[in-house]
Structure formats: C-alpha cells, structure tokens
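Please open the model in a viewer and keep the selection panel at hand. The tour proceeds by selections, each followed by a description of what is found there.

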Amino acid sequence: MSDEDDKGGGFFKRLSKGLSKTRGSLAAGVGNLILGEKVIDEDVLEELETALLLTDVGVEATDKIMASLTPRIKRKQLNNTVALHAALADELKALLAPLEKPFCVDTESKPCVVMFVGVNGAGKTTTLGKIASHLTAQGRSLVLAAGDTFRAAAVEQLQEWGHRNAVEVIAQGQGADSASVVFDAVASARARGIDVVLADTAGRLQAKANLMEELSKVKRVMARDDASAPHEVLLVLDAGTGQNALSQLDLFDQAVGVTGLVVTKLDGTAKAGVLFALAARNPKPIYFIGVGEGIEDLRPFDADSFVDALLGNL
Amino acid sequence: MFDSLSDRLTNTLRGLSGKARLTEENIADTLREVRRALLEADVALPVVKDFVDAVSRRAVGVTVSSALNPGEEFVKIVHAQLVELMGEDNDELNLNAKPPVVILMAGLQGAGKTTTVAKLARYLAERQKKKVSVVSADVYRPAAITQLQTLAAEVGATFIESSTDEKPLAIAERAVATARTQFADVLIVDTAGRLAIDDAMMAEIQSLQGALQPTETLFVVDAMTGQDAANTAKAFNDALTLTGVVLAKTDGDARGGAALSVRAITGKPIKFLGVGEKVDALEPFHSDRIASRILGMGDILSLIEEAERKVDKQKAQRLAKKMSRGKKFDLEDFRDQLQQMSNMGGVGSLLDKLPGMGQLPAGVADQVDDGMFKKMEVIISSMTPHERRYPDVINGSRKQRIARGSGTAVPDVNRLLKQHKQMQKMMKKVSKKGGMQKMMRGMQGLSQQGGRPMPRRR
C-alpha cells in the first residue's frame, strides 16, 4: 500500500515523513516567523498560538506553553523569531522528554502480562499484532489472548496476527466472557513457561461505567495467580483524537491503572498535539508511536524527534 | 467539565446590564470565551474563526432586555447560529435509482465504517422494508470481511462473499451484478479505512465511486476526532462526491465538535449518528441536540430517549400501580430505582446530560458518585425479603447483621434507611390524588422560564 522505496529511510525520516503535515501546519506559522528574523509582536504570538491549537494541543496547554514563553519575551531574552522558535522547541521537548521510556517486558515474571485497552477503533488489535512481531523477533515466546469477545470477527483478526507470527492464540469465540479468556491464556502461559501474554480487550467508550467495570474485572482476574499481573496496561490512543483524549486517559487510568500509551495513526494528517496536554495533566510513558501500516512502522517514542518533526526541524 | 458556557459568558458580560446594546467592543471578551468553548469541543480552528465572526455579526446591535441575563441571551445567539450552520434535521437517504441502489462508505481507519454498514442495513430493512445486500471491499485489514459477514447475519442482510485475493474494484463490480440477481433494493459497499494523504488508496476509492455510481457516498467520522477532522473531511470531499456524513461513537463523553467542522467544510448534511455498540444504535441527526452538546449545555432530549430505551417499563408500571393502590414504596422498589439508574450509565452520565448542572458548585458533582449508589444497592441486597418489605422491623441487631453482610457500617445502613424514608414521603405526595398534576404544574412553571438553568446555590 505504501511506497516500498522509502522503507530504508530510517526512523527519523519515516517519522518526519509521517508528521510532515503537522509540520505543514505548525511550520507554516513557525516558518513565516523565521523569515528575516522578525521582531516578536502580537501577530507572531497569535500565529504561534494558532499553530499549536491546530495540532490539538488544546486551549489550556497552549495557554500554558504561551505563558511560559511570554516572560522571557518581555525580558527581551527572546528578541527575535529564531530565538522564539528554539525556545518553543525546548519547551515542547521538556514536556515530552520525561515520557520517553523503552518498553521492555519484565523478565522476572513468567509470564509478563500486557493488557491493551482503548476506545473503539483506536487500533488495539493491530498494535498488539505489531508488538507481537517485535517480541517474536527478539526471541520471546508469546501467547495472545483474544479478550475482545464483543466485536464481530475480532477473534479472527487476532488469530490472523497469531498466524503471521506463528504464535498461539487463546480464544473462546464471540460472546464469551473476556475475563475467562484472559485468565485461561495467563494460566496456560504459566504452565508452559511462556515469556509474555498479550491480552486484547474490546474497545469501549470510557464514559460507559458498566463496560469500564467489566474491564476492571478482566484486570482483577489476571492478578489472581500473580498479584503483579498485569505488568503493563497500554492505552492505545488514535492520533486523530481531540480533547477527548484527556477523558480517555483519566477514566481508563481510574478503571485499570494505565502504565503507558501507544499513539497510532500518526502517518496521516493528525498529529496528536494532545500529548502535550496529557503530559501536563497525567504524565504516562509513551512507549510506541505508529507511523505507518507496516510492522516496522510501530516505533519507540522519542521526544526530540517527535518535536523536531512537529516543528519541521527548522 | 462542569463550568457552563452560559456562566462563563455571563461573567464576561457583567456590568453590561445597564447598557442597552451589544457592541463590538463590549462583546470582545465574550467572543473569546465562545472561541475557547468551541476549541475545547474540538471544533476545527478555521471553522471556529468563521463561526465567531458570524456570531459577532448576529449579536452586534442586539438589545439586552433587562429581564434576561446577558450571558443567556448570548448563549441563545450562539446556539441559534450553530443550529443554522448544522443544517436541516435528518436528511433521508436518497434511494431513488434503479435497484440495486448503491451506498458507498468512506473514512479513516477505525472510524466505524463496518459497524455503520450493519446499522444502516438494519435501519433500511426495518424502517423502509428494503432488501439489503452488503459486501466488503476491505482486502487489507485482517478479518474485516469476516466481521461484515458476522454482522450481516446479525441484522438479516444478504452477505455477498469477497476474498482478500481480489481487487476491491473487481469485488464491487461483481457485487452489483450479484445484488441484481438477488433482487436486492440496496447494496451497501464497505471499504477499507484509508488516510486522506495516501494517494494510492484515495485513487482506489475514487475508482470504486466511478464504477459503482452510488446514489449515496457516506463519510464516516469519529465523534472524538480533533482538529484533523477538517483536513480529512476536506481531502475526502475533494477526492469523492460525498452525499452525507455519519457521525460515529457519539455515545461517549466527547463534545463532538468534529460534527461542526465536517459540516462546515464539506457542506454535506450529517445524516446519522452512531449512538452505541449494538446494531440498532443508529439515530437520525438532530442539529439542535448536537448544538447543545457542543456548547456543553446538556442534551435533555437524548436523555429522555435513553431513559425510554433503558428503563424497564414493566417495573415502572408495576411501581406506579402499586403506588396508586396506596401501597408503600418499600426497599425493594428503592433497589429497583437504583438499578435503573445504573442501567442508564450511572449518575455521572446523567448529570452530564442535564442542562444547568454546570451551575452546581464543583464539590457537589464530585460527591455524587456511582459508588455511593452501588453501596446502597448492596446494603438492600443484604436484607431479608421481609426486611425489604417492612423496613420498620429493622432493629439494632438486624442493622449490625446487614452492615456485616454488605461490608459497610451501621451508620451507612442508618443513612440508607433515612434516605428511603424521604423517598417514601415523596412518593406518597405523588401518589395522592392530584399529586402528580401538582408536580407537573410545578415543572411547567420551570420550563416557562425558558429553560433557564437552575439558580446557583451556595
């Protein structure tokens, strides 16, 4: 589907290619600022604010970012647009840098249990499949748990990923009890000394109290034989999501204790500026970002290259 | 979440009541708040700009009547402008063509296309008595075809086979021929999710539209989408001749500003809303409801509809009968009420939909949590049927047993019994002759104030 020739471009190229449209919107503003080292005036600041808002940074976080730059502008520490741009990049990087954390499966516990949660259509099953490929390539033994027992053919979709990676999928079919599927998978992995269990769950909107309660139950069941399980709870977030991402993180965190984020679909025009708002409100490690459909397009998150790609690396 | 727009606008317009007219100068701050509110609801920035200008034009010169609070007056203007922009309610699907009439679905990955296909198939079959066939041209996502097959069986639509070895165009052309031999009235063609910047994939769906000549090409968009809704809608609208929009996943807590963005940018009507995971959860679009929601003003109509759907009518009628016979409202009835409340998604989701809830002091909203009601339910469940029917027999030692059984303490049980007493008193009033009418009159009084939010209590 995507052009094969670009695959060798390396992470940064792919990322900045994926993020090029954000660069389009942010850099359109920022790029204009740069021309001729203009003096910073109201118009420049408004353009900058606009650029941030357009990437879903959100009103509150944008205000904060702008507010952190203003005193330095007033004190003339930032006296031209080039300096302003550099200061902005530093500011944004500082916000996201603490969220960089490599995703490594806990080798102490066998199995290490990783649970995938998120709203409908965020890309949980696809992300799970890609992480399965990564782990298989690292030589880990895996079991996939088909915990999405609600959506039609979700089990078949996971089985296809299992097939591609030659990994066993524990499933009971549509309509089965999700908690029991996951429990079986964990038990079976433990009995056979498997390294990692990747547990899929059905997508659900975070405002649905009963569905969130069901998700908490799935989590409780995992801890039955090993109190430390699940070792990771990954919230999968669609890059296109707007300010609702804040509520998603809040409520999923409340229900199951999110330990990290995966941001999907960053190869489109959506840029997930909401991550800055999330970082300010409830910082969680960002383990992976998805910048394409291929397995190798699920990349570890790197704050510097994310921000550089966002700002157009000027 | 709980600060209401009208409150915020009122603040910016404070001190205005003496002045007779709204002018560009005295509404500047207010417009900033409107802009902020729309951005918080994820309306795309370019759309916000145009919208705020339009509101400004509409507002300047308006006389603030001394009776109305200027903030509310302003909300009315904003709301009216929103409704106008959103367009007509529920544009029906155009099925005026030689059968099989083709409906083509388009959208990003994970927007909700396949689920929407099933919902539409069911809608057309049930409401319009159409014979519907469906086919999937998604040869990329694993099990996408199986997903549609399962859903088709669920909604009683005819599923036309396809395989991942085929080209989408070949699938589509074959499906039209097959649907014709099946004497289907409508053929819905599901497609793979695609990014608007993926040229090869956009060319593919263009060729599908060219070959199928659908009467409807529906763009499915996720209600939680942020600023990108504008880019995506524009790209799809440029590449395809769209005829309408389906806003999916509106049953969450997203404010749904994407609806306004897509509508403003494509100019195409929003035809349906996806309101749940089940295949019957598809509703015709109503502009005033979405407008209220985007403004965070609550959505009382949806609330009523949801209540009608979820509340167990038989139980409600049984209770009404019981009351009218002069029977007491016992703890069993109380528990039913609590359960119905949690069926509707809990107090939190109810509060969100109620207009005026923004006026509540922040602490109040946090105090009412669903856990509290769950606890009450558990306490009642720990009683014997006899105790539930005759709460007066519950003495000290019984209270201790109930507290132990429900994992609570005696004061919790006492509190519950007191709350039940209050409910009982209220029910008695309602069931008295003329009580209901009196209550309804009271409510009418409320609505005559033009649906003004409740006064702030301190």
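The stops below cover a sheet, several helices and two helix pairs in a predicted model.

**Stop 1: the sheet of chain B**

Select the strands of chain B that make up the open sheet. In what order do the 8 strands lie? The order is E3-E2-E4-E1-E5-E6-E7-E8, and the pairing is mixed. At the edges lie strand E3 (158–160) and strand E8 (282–284) of chain B, each of which pairs on one side only. From one strand to the next, the twist averages 25 degrees.

Now restrict the selection to residues 216–222 and 244–248 of chain B, which are strands E5 and E6. These two strands run parallel and are joined by 5 bridges. Within this pair, B:Phe219 is placed opposite B:Val245 of E6(B).

**Stop 2: helices on the sheet**

Add residues 113–127 of chain B, helix H5, which packs on the sheet. H5(B) touches E1 (101–107), E2 (132–136), E4 (186–190), E5, E6, E7 (270–274) and E8 of chain B. The direction of H5(B) makes about 170 degrees with that of E4(B). Next add helix H6 of chain B, residues 144–155, which also packs on the sheet and touches E2, E3 and E4 of chain B. Its direction makes about 165 degrees with that of E2(B).

**Stop 3: a helix pair in chain B**

Select residues 70–86 and 257–266 of chain B, helices H4 and H10. Their axes lie 9 Å apart, and the helices pack at an angle of about 55 degrees. H4(B) is therefore oblique to H10(B). The crossing in which H4(B) passes H10(B) is left-handed.

Which residues meet in this contact? From H4(B) come B:Leu82, B:Leu85 and B:Met86; from H10(B) come B:Ala259, B:Leu260, B:Arg263 and B:Ala264. By class, the residues of this contact are 6 nonpolar, no polar and 1 charged.

**Stop 4: helix H11 of chain B**

Move to residues 287–294 of chain B, helix H11, which is mostly covered, with 7 of its 8 residues buried. The buried residues are B:Ser287, B:Arg289, B:Ile290, B:Ala291, B:Ser292, B:Arg293 and B:Ile294. Continue to B:Gly296, just after H11(B), where phi is positive at about 70 degrees.

**Stop 5: strand E6 of chain A**

Change to chain A and select residues 260–264, strand E6. Because 5 of its 5 residues are buried, E6(A) is largely enclosed by the rest of the structure. Both faces are covered: A:Gly260, A:Val262 and A:Thr264 are buried on one side, and A:Leu261 and A:Val263 on the other.

Add strand E5 of chain A, residues 232–238, which runs parallel to E6(A) and is joined to it by 5 bridges. Here A:Asp238 is found opposite A:Thr264 of E6(A).

**Stop 6: a helix pair in chain A**

Finally, select residues 81–96 and 274–281 of chain A, helices H5 and H11. Their axes come within 9 Å of one another and cross at roughly 55 degrees. H5(A) is therefore oblique to H11(A), and the crossing is left-handed.

Display the side chains at this contact. A:Leu92, A:Leu95 and A:Leu96 of H5(A) meet A:Leu275, A:Phe276 and A:Ala279 of H11(A). The contact comprises 6 nonpolar, no polar and no charged residues.

Note on methods. Residues are numbered from 1 along each chain as its sequence is written. Chains are lettered from A and ligands numbered from 1 in the order in which they are written. This is a predicted model: local features need pLDDT of at least 70, side-chain atom pairs count only at pLDDT 80 or more; totals for chains, interfaces and linings use all residues. Side-chain values use heavy atoms; hydrogens and water are left out. Axes are lines fitted to C-alpha atoms, for helices over the stretch in contact, and angles run from 0 to 180 degrees between N-to-C directions. Helices (H or I, at least four residues) and strands (E, at least two) are DSSP runs, numbered from the N terminus. Angles under 35 degrees count as roughly parallel, over 145 as roughly antiparallel, 65 to 115 as roughly perpendicular and the rest as oblique. A crossing is left-handed if the near helix is turned anticlockwise from the far one by less than a right angle, and right-handed if clockwise. Contact means heavy atoms within 4.5 Å. Ala, Val, Leu, Ile, Met, Phe, Trp, Tyr, Cys and Pro count as nonpolar, Asp, Glu, Lys and Arg as charged, and the others, Gly among them, as polar. Buried means under 20% relative accessible area, exposed over 50%, partly exposed in between (1.4 Å probe, protein chains only). Two strands pair if DSSP finds at least two bridges between them.
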